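Colleague: Please take one part of this model and look at it closely, starting from a single side chain and following the contacts outwards from there. I would like the cut-off behind each term stated where the term comes up.

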Amino acid sequence: MSSAAEAALCQAAMAALGWRRGGIVTSNAAKAGTIRALAGARGFPPLMVVMFHFSEGHHYSGWRPLDFLATRGYLWVEFFFVLSGFILTYAYWPRLGELLKRPGYGAFLRARLIRLYPLHLFMLLWIVMLVVVLRGLAAQGGYLSIFDARYHQDISVRGFITSLLLVQAWNTMPTLTWNGVSWFVSVEFALCLLFPALLWLAQGRPSAEPKAWRGFALIGCGLAGLLALLFTSAHGLDITFHNGVLRGLSDFTVGVGLAVLFGRVQPRDRLPAWVHSALQVMLLVLLGYVIMHTGWSHTRMDIFTVLPLMALVFALAFDRGVIARLLGMRLPQLLGEWSYAIYLGQTAWLLFIRFLESRVYPAPDTIVLGMRFSSLIWWLEPLGLVIACVTWGALLAQFIELPVAAKLRAHFGRRLDPRSIPTPS
């Protein structure tokens, strides 16, 4: 293939213009190289996950709407995995033939590791540094480090090695380890390994047009997998180090199936923008209703929160409608760009809060600014955490994630690496 032809093909994938035959037509969003609504939508799930981890580890607010939203924060990981399956299928469908060959498969995995691994490695080493520093301070001060307290994360050699190899969530560990949230990266890597097979199931052969029945079949299989996990789990869909790959695979398969259906529907979309707006608003209202009316989290009722989250990926993919326009604004786009870093970076600040609570905060009844300290910190702590995680995520993205990936791409090349894939990973 000539360099000009390869460049043209890469550009087609980079712009995610869709199916090579009978598929997605060019739109303004595609010309810009991304589905802006989905790029913006990925900015908010990490914040929900942050609030879930804070609330579970420290306290809930006592305000029912906020608590019910926070306690389901872990279910936004479903949105991540579905979005990842959808966009990878959307971007790589024209290149199935290459993915099924060893050089192309290797190039794809290299491209995904360039996206996933540098920030993962940085945060793993950052947690190592925190362990060394906080244990050193504890030894100097004669008190117990938070890493030696009764409830602390695994910081074993085994956990470090499995984290380095990105297999810590492949049922290799009995608990979360080191940077606990990186279980998501481990699962995403497993899904990348499986992706060509799933894409083949979605298409059948490299030159084939997408078939709607394949999309429905994949969605059905993914949902069946989630239900099987729900009926065998004691914690709802809060499944991470054990069977996390099965959880991710179920969600990812739904995303692949939704992309197949999107490939069939999008070229024929003649609906006015208000219909897209109505569908998006309806799904958000439905999501709010099930969050408020299906009881506490970690039960089989989790599935009712997951379904509208999945449907939102499909509804927003058209890049039309009022919610899509709002997500295309500057702030959601920035949060989307930083989303992976916000998600991976949160552990450092959750640990910092534990250190503050154990060694720095005054007694709960201490009067500060005319208020009991426990009352003052009740809202300041989670608010400060969100601000810190967003700021830290922005710094990680701008000074670690993006420049390191750029250097690696400059060295290894961009083959099978679309420039703009709006996934959380």
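**Aromatic and charged contacts**

Modeller: Phe-160 is partly exposed, with a relative accessible area of 22%, where buried stands for under 20% relative accessible area, exposed for over 50% and partly exposed for what lies in between, with a 1.4 Å probe and protein chains only. The model is a predicted one, and local features are accepted only at a pLDDT of at least 70 and side-chain atom pairs only at 80 or more, although totals for chains, interfaces and linings use all residues. Residue numbers start from 1 along each chain as its sequence is written, and side-chain values rest on heavy atoms, with hydrogens and water left out.

Before I return to that phenylalanine, the pairing rule is needed: rings of Phe, Tyr and Trp (its six-membered ring) pair if their centres lie within 6.5 Å, and planes under 30 degrees apart are called stacked, those over 60 edge-to-face and the rest tilted. By this rule there are 26 aromatic pairs. One of them joins Phe-68 and Trp-296, whose ring centres are 5.3 Å apart and whose planes meet at 80°, so the pair is edge-to-face. Phe-68 belongs to helix α5 (residues 64-71), while Trp-296 sits in the loop between α13 (273-293) and α14 (302-316), so this pair ties together parts 228 residues apart in sequence; helices here are DSSP runs of H or I with at least four residues, strands are runs of E with at least two, and both are numbered from the N terminus. Phe-68 is buried at a relative accessible area of 8%, whereas Trp-296, at 39%, counts as partly exposed.

Phe-160 has an aromatic partner too: its ring and that of Trp-178 have centres 5.8 Å apart and planes at 70°, so this pair is also edge-to-face. Phe-160 lies in helix α9 (residues 157-164) and Trp-178 in the loop between α9 and α10 (183-203), so the contact ties together parts that are 18 residues apart in sequence. Trp-178 counts as buried, at 8% relative accessibility. The loop between α9 and α10 also holds Asn-171, which has a positive phi of about 60° although it is not a glycine, and which is partly exposed, with a relative accessible area of 39%.

Elsewhere, Phe-80, Phe-81, Trp-183, Phe-184 and Tyr-343 make up one aromatic cluster. A ring also meets a charge: Arg-359 lies over the face of Tyr-143, at 3.7 Å from the ring centre, the rule being that NZ of Lys or CZ of Arg is within 6 Å of the ring centre and within 35 degrees of the ring normal.

Turning to charged pairs, a salt bridge is taken as a side-chain nitrogen of Lys or Arg within 4 Å of a carboxyl oxygen of Asp or Glu, and a search of the whole structure finds six. Among them is the bridge between Glu-78 and Arg-247, at 2.7 Å from N to O. This pair links distant parts of the chain, with Glu-78 in helix α6 and Arg-247 in helix α12 (residues 244-265), 169 residues apart. Glu-78 is buried at 0% relative accessible area, and Arg-247 likewise counts as buried at 0%. As for helix α6, 17 of its 17 residues are buried, so it is largely enclosed by the rest of the structure. At 1.5 Å a residue, the 17 residues of α6 (residues 76-92) should span 24 Å, and the end C-alpha atoms are indeed 24 Å apart, which agrees; the expected span is 1.5 Å times one less than the number of residues.

Another salt bridge joins Asp-269 and Arg-320, whose closest N and O atoms are 2.9 Å apart. That pair again links distant parts of the chain, 51 residues apart, with Asp-269 in the loop between α12 and α13 and Arg-320 in the loop between α14 and α15. Asp-269 counts as buried at 15% relative accessibility, while Arg-320 is partly exposed at 27%. In the loop between α14 and α15 (322-327) there is also Asp-319, a residue other than glycine with a positive phi near 60°.
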